[in-house]
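Student: I am new to this structure and would like a close look at one helix and the ring pairs that follow. Please take it slowly.

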Amino acid sequence: MDVEYAENKEYDVDYESESNGLEAEIKDDISNTQIKGDEAFEVLRSIFEQLKFDKDTPNEEVVSEVTKAFDLDEDFQKFELEVKFLDGTEKEYNN
């Protein structure tokens with residue numbers, strides 16, 4: 001996920017779960033923090049548990065749900081999210 005705000009502020013989340021392990025990273029220019037690894041995974045796990053959308057959910061609802069779950073301002077300039085669902089379906093959400 002990549003969310004861009006004014007003044008080159010960005011909120012960026014990278015999360016990949018592969019057979020050889022997990023990769024997790026959160027870069028938050030708004031609060032000037034960056035976390036990786038297990039610490040990032042723990043933060044993301046609690047957020048992911050709040051998300052209820054599926055591959056058939058309309059894009060606008062997904063964007064709204066994700067911004068609320070991550071407690072992000074909705075005054076972003078750009079929103080990009082790539083999701084791979086459990087059934088293998090991959091979707092991109094842009095706004």
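Tutor: What follows goes through the helix α2 and then some aromatic pairs. This is a predicted model, in which local features need pLDDT of at least 70, side-chain atom pairs count only at pLDDT 80 or more, and totals for chains, interfaces and linings use all residues. Residues are numbered from 1 along each chain as its sequence is written, and side-chain values use heavy atoms, with hydrogens and water left out.

Helices (H or I, at least four residues) and strands (E, at least two) are DSSP runs, numbered from the N terminus. Buried means under 20% relative accessible area, exposed over 50%, partly exposed in between (1.4 Å probe, protein chains only). In α2, residues 59-69, the buried residues are V62, V63, V66, T67 and A69. Seen down the helix axis, these fall within an arc of 165°, so they line one face of α2; the arc is that of the directions from the axis to the C-beta atoms. On the other side, E60 and K68 are exposed. Among what covers the buried residues are α1 (37-48), β5 (78-84) and β6 (90-94), where contact means heavy atoms within 4.5 Å. Just after α2, D71 has a positive phi of about 55°.

Rings of Phe, Tyr and Trp (its six-membered ring) pair if their centres lie within 6.5 Å; planes under 30 degrees apart count as stacked, over 60 as edge-to-face and the rest as tilted. There are 6 aromatic pairs by this rule. One of them, Y11 with F70, is edge-to-face, at 5.9 Å centre to centre and 70° between the planes. Y11 lies in strand β2 (residues 10-18) and F70 in the loop between α2 and β5, so this pair ties together parts 59 residues apart in sequence. Y11 is buried at 7% relative accessible area, and F70 is buried at 9%.
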